Amino acid sequence: MSIQVEQPISPDRVVRDRRKRKKKVNEISNLSNLLINIFFWIYTGLCVIPLLLVVIVSFSDETDVLIKGYSFFPKSLDVASYAFLL
Amino acid sequence: MMLPAIIILVINNYIPMLGTIIAFKDVNYQKGILASDWVGLDNFKYLFATDTATRMIRNTLAYNTAFILLTLVISVAFAVMFNEMRNRLLSKFHQSAMFLPYFLSWVVVSYLVYGFLSTDHGFVNKTLLPFFGMQPIEWYSDAKYWPVILILVKLWKEIGYTTVIYMAGILGIDHEYYEAALIDGATKWQQIRKITIPLIAPVIIVMTLLQIGRIFNADFGLFFQVTRNAGALYSTTQVIDTYVYQTFLAIGDIGMSSAAGLVQSIVGFLLIFLANLLVRRISKEDALF
């Protein structure tokens, strides 16, 4: 994707590079990279969390669901629905 | 050598096409399909004659146009963003997570949506809206929210797939273009606009043409399962496919259903043909055929 720029290697440079990777010439800035990362973390969350909700609800107590509704933090865990299936 | 492929094509695609005669017959099961009476275009009338007919055709076209445009813009943007991410591993991880909803069936998605929108137990009504101090909303009886919900759900499910296709297109671009642009002092934004987008234009055009060919076919799972076939929502959720299904259940006339299918195929064929003609006018080498 980008041109490798030859860097003169000196001992202190290597140490600094280990802490903060040198940006390649055609790479985006740290800020844009951060923004894109944050955006995709949110989107990944949006894709996975609904499934997680269903999994959590499948383990929660039925009366609990009827009273409190579908929730990410059920009061008590219950495997009755799986026992019913098996 | 072409023979096996041709035989399969004929058996699977051309011989069943004889079934289109059903669309022009008043099918009587005692007489059999071939001996049933011809009724001309009577079967097509119900598709266009009623009030609901114009409504559902409008819905189908509007939803599909929205889907085509939004999928195109969002997935190309996502693909470009993925391509710019510095951490390849993280980019792969996010792609996989985005791809996850694509593998769910519409029935499962329908229950996911129900878990959020159910009036009495739904996550939105029980947790989210009270948190912001708002009154619960009866999602499944108020038609005005559904255009937004359906578009979001559809995009949520399909965007991962199209993004991967555009990603593949972008990965196929030669690095030397970017290096040359860099030497000329092009910014990232200019590189995207002048190199990335023009070079994946063929992929964009093929994908869009294929979708235009299906603009008259609505996604049955989305409009039937996700809306739970709620009658109160028909004004914004009824599309050709669900309408055909509902009338078939009510009347049980396969002539009408196949008439609807025939209309969808013909309109799709004409549209794809016209769109291709248009593409050929603008740039010849990008046309599909």
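Q: In this predicted model, how many nonpolar, polar and charged residues does the lining of the largest pocket have?
A: Sort the lining of the largest pocket by class. No polar and no charged residues appear there. The nonpolar count is 23.

Q: What is the volume of the largest pocket, and which residues are the closest to its centre?
A: The largest pocket has a volume of about 740 Å³. Its lining holds 23 residues. Chain A and chain B both appear among those closest to the centre: A:Leu46, B:Ile149, B:Leu152, B:Val153 and B:Trp156.

Q: Which element gives the largest share of the lining of the largest pocket?
A: Several helices give two or more residues to this lining. From chain A comes helix H2 (30–59). From chain B come H3, helix H5 (106–117), helix H6 (123–131) and helix H7 (146–171). The largest share, seven residues, comes from H7(B).

Q: What is the volume of the second largest pocket, and which residues are the closest to its centre?
A: The second largest pocket has a volume of about 530 Å³. It is lined by 19 residues. Closest to its centre are B:Lys154, B:Glu158, B:Gln211, B:Arg214 and B:Asp219.

Q: Which helix gives the most to the lining of the second largest pocket?
A: At least two lining residues each come from H3, H7 and H9 of chain B. One of these gives the most, with six residues. That helix is H7(B).

Q: How many charged residues are in the lining of the second largest pocket?
A: By class, this lining has ten nonpolar residues and five polar ones. The charged residues number four.

Q: How many cavities of 30 Å³ or more does the structure hold, and how much space lies in the largest?
A: The structure holds three cavities of 30 Å³ or more. The space in the largest cavity is about 50 Å³.

Q: Which helix gives the most to the lining of the largest cavity?
A: The lining consists of A:Val57, A:Ser60, A:Asp64, A:Val65, A:Lys68, A:Gly69, A:Ser71 and A:Pro74. By class, that makes three nonpolar, three polar and two charged residues. With three residues, the top contributor is helix H3 (residues 62–68) of chain A.

Q: Which helix gives the most to the lining of the second largest cavity?
A: About 50 Å³ of space lies in this cavity. Its lining residues include B:Asn83, B:Tyr178 and B:Lys188. Helix H3 (51–84) and helix H9 (188–213) of chain B each supply at least two lining residues. The most, four residues, come from H9(B).

Q: How many nonpolar residues are in the lining of the second largest cavity?
A: Three of the lining residues are polar and two are charged. The nonpolar residues number four.

Q: What accessible area does the nonpolar surface patch with B:Leu9 have together?
A: The patch is on chain B, and its members include B:Met2, B:Ile6, B:Leu9, B:Tyr14 and B:Leu18. B:Leu9 has its place in helix H1 (residues 3–14) of chain B. Together the patch residues have an accessible area of about 1100 Å².

Q: Why is B:Leu9 classed as partly exposed?
A: Buried means under 20% relative accessible area, and exposed means over 50%. B:Leu9 is partly exposed because its relative accessible area is 42%.

Q: What distance separates the C-alpha atoms of B:Phe273 and B:Gly213?
A: B:Phe273 is in helix H13 (residues 254–282) of chain B. B:Phe273 is partly exposed, at a relative accessible area of 40%. B:Gly213 is 60 residues from B:Phe273 along the chain. Their C-alpha atoms are separated by 8.3 Å.

Terms used:
Residues numbered from 1 in each chain as written. Chains lettered and ligands numbered in written order. Predicted model: local features only at pLDDT ≥ 70, side-chain atom pairs only at ≥ 80, totals over all residues. Heavy atoms only, no water. 1 Å grid on protein atoms, 1.4 Å probe; cavity = no way out; pocket = protein on both sides within 12 Å on 5 of 7 lines; lining within 4 Å. Points joined across faces, edges and corners; volume = space filled by probe spheres on them. Nonpolar A, V, L, I, M, F, W, Y, C, P; charged D, E, K, R; others polar. Patch = residues over 30% accessible without salt bridge, like charges linked within 9 Å, V, L, I, M, F, W, Y side chains within 5 Å. Areas by Shrake-Rupley, 256 points an atom, 1.4 Å probe, with all protein chains shown as cover. Salt bridge = Lys/Arg side-chain N within 4 Å of Asp/Glu carboxyl O. Buried < 20%, exposed > 50% of the residue type's maximum accessible area, 1.4 Å probe, protein only.
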